[in-house]
Structures are given as C-alpha cells and as structure tokens.
Amino acid sequence: MTALYGAIEAGGTKFVCMVGAGPEDVRAETRFPTTSPERTLRQAIEFLRAEQDRQGPLAAVGIASFGPVDLRPDSPTYGYITSTPKAGWSNVSMAGAAAAALGVPVGFDTDVNAAALAEQRWGAGRGLHSFVYMTIGTGIGGGGLLDGRVLHGLVHPEMGHMRLPHDVAADPFAGICPFHGDCLEGLASGPAMNARWRQPAEDLPDDHPAWPLEAGYLALAVSNLVCTLSPQRIVIGGGVMSKAFLFPMIRQKVADLLNNYVRAPEIVDDIDDFIVAPGLGERAGAFGGFALAADALQASPPERDAV
Ligand code: ZN
C-alpha cells in the first residue's frame, strides 16, 4: 500500500498543507494565513487529522519551516523556530508539536532546504548530487545539497544574508535587513526593491534600471555560491523571479564575474542549463514536506511486529 504523508510548508505569511503520496499524488491541499503560532499550528494539525480520518493513517509528516530553526538532533530545542523577527514566533516548537499531536515520525528542515530536496527529487535538480535552490521574494533564502546530503553545517546556511560588494555611489540605498542593512536580502528582496523604488517590484516596467541592478546583486550571490559550494546547478525561484527576463541577465553577469575561471562545461558552454527556474514552481516548499516525511519514515526505527 502506498504510504500517505502530511506536508506542511510553514511560511512567514501563509501555511500550505498537503496530504498525499508525493507531488504526483496530492490527495488534499489547503492554505491559510500565518497568524499566532497556537492558532496556525492548530489549523495545520486539524487539517491533517481530518484528512487522516478521511483517507487513512499518515505514515509521517514533513515540515518545511521559515526560520531560523534549530536542526541539531541533540538540542533540547530541536525542531523549534529560534530567533525570528516575526512577532510571537520565536522559540516555538514546530516538529515536537506535530509529533505529539499526530504520533508519527516528523521530518523538519528549513523551507529552502526542503524545496532544494524536492527539486532534486522531482524537479529541476533530478540526478544531481550537489545543488542549490534560492528563493527571491519577501525574503531571500537558499538551501542545498552537497554530495547528496542536505547541507546543515553548524546551524543551517543563511545564503540570503551573505554580504556583497555594495557600490554606494551607484546604489545609495542603505538596505532593509534589520540585522545587516545591505546584505543580499537587504538589497535585493522584493520588499527591498519596493523600498528603494517606492513602488512594488511587480509594477516596475521591464526597462526600469531596477532590473539590471537586481540581476547584478543576484549574479554576485550566484558567483559566490559557485565559488564556495561548487554546485552542479542553481535553481532560482520566488516571486521576484516571475520576471523571467532576469534569468538571461543573471547568466550573463555570472559569466562575466567568473571570467572563465571555473572551467566546467556546465558553466562555460551551457549556462542556460546551469542557472534555471524551479521545476516545481511555487509548490517546491510544500513538496519538500513530502520529501522530509519520507526521509523521516525511513530513518525511524522499524515497528516491532514488522520482523
Ligand atoms: Zn541580513
């Protein structure tokens, strides 16, 4: 029998919850705004419980969460959102709450790591062992796999907060990150564009100087990731990237920045296939919940009567 999973994409503005066997077999889906932790988590649990009653038991649940989160298995606050600037959500248990309410294995990771996992399993990263997923939207995040393993390291990567050369003569905007000012997210997220140009990014005309500037910052970030992680492909999603003309601009600027130093044919000859849009679109994060759930089930101790 096909195992059924619950998937929760816990975002800062909305939650997306699904029940199914995977991206090709989604049996139920709902979304609701992120309000207080108590209310929002209760809505997610109630949805999964109701679907469980309707469709049969869930084998595991995966949570792809906004962060920062605690991913150290031996930590007393494993599975918590830790120090988020989002009001009310600091020190909130996510994985523990779901495990206690549903009694099944719970996989937990950042939304971008989960999206990277989903893209590698079912989307634009299929067949690759080293792979980065970035999202450029309300915030900027990046996650990935290195040699087949999701990259956690000390805490988890915070690619959106990398520092970039910032030419203040060309772009005097100070940036909006509450922690760093002009980090990548502070300069190039959707809200940063809105603040710099005093209008929503989606309303800026295609020939607006905002776009070459944006492509320049994203190209700097991509070049840094190429030089530090050596991924086989970089997938860039998120609301800002719905302007598809950004892709050729970023590719050209990345090629210029790397200046033929990284001598891989994937970059030198085929950069169109190296920097790409997501294969799973806006649902990569929620589908990542399925991937985390399947991995959590595989990692959980076998039932005693299964011998
Ligand atoms: Zn920052």
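**Exercise 1. Which residue follows α5, and what is the sign of its phi?**

Solution. Before starting, note that this is a predicted model, in which local features need pLDDT of at least 70, side-chain atom pairs count only at pLDDT 80 or more, and totals for chains, interfaces and linings use all residues. Residues are numbered from 1 along each chain as its sequence is written, and side-chain values use heavy atoms, with hydrogens and water left out.

Step 1: find helix α5 at residues 190-197; helices are DSSP runs of H or I with at least four residues, strands are runs of E with at least two, and both are numbered from the N terminus.
Step 2: move on to Arg198, which follows α5 and has a positive phi, near 55°.

**Exercise 2. Find the buried residues of α5 and say why they line one face.**

Solution. Step 1: Gly190, Ala192, Met193 and Arg196 are buried (buried means under 20% relative accessible area, exposed over 50%, partly exposed in between, with a 1.4 Å probe and protein chains only).
Step 2: look down the axis of α5; the buried residues fall within an arc of 160°, so they line one face of the helix. The arc is taken from the directions from the helix axis to the C-beta atoms.
Step 3: look for the cover, which includes α4 (184-188) and α6 (210-229); contact means heavy atoms within 4.5 Å.

**Exercise 3. Describe the site of the zinc ion.**

Solution. Step 1: list the donors, which are His161 (ND1), Cys177 (SG), His180 (ND1) and Cys183 (SG), at 2.0 to 2.4 Å. Donors are N, O and S atoms within 2.8 Å of the metal (3.2 Å for Na, K and Ca); water is not among the atoms, so sites may look incomplete.
Step 2: check the angles among the four donor atoms; at 102 to 120°, they make the site tetrahedral (four donors with all angles between 85 and 135 degrees).
Step 3: read the spacing of the donors along the chain, H-x15-C-x2-H-x2-C.
Step 4: place His161 and His180, each in the loop between β10 (149-150) and α4, so the pair ties together parts that are 19 residues apart in sequence. His180 counts as partly exposed, at 31% relative accessibility.

**Exercise 4. Where are Asp147 and Ser230, and are they buried or exposed?**

Solution. Step 1: Asp147 lies in the loop between β9 and β10, and with 61% relative accessibility it counts as exposed. Its phi is positive, about 50°, although Asp147 is not a glycine.
Step 2: Ser230 sits in the loop between α6 and β11 (234-237); at 54% relative accessibility, Ser230 counts as exposed. Phi of Ser230 is positive too, near 55°.
Step 3: for background, most residues other than glycine have a negative phi.

Technical notes: Tetrahedral: all angles 85-135°; square planar, octahedral: opposite > 155°, others 65-115°.
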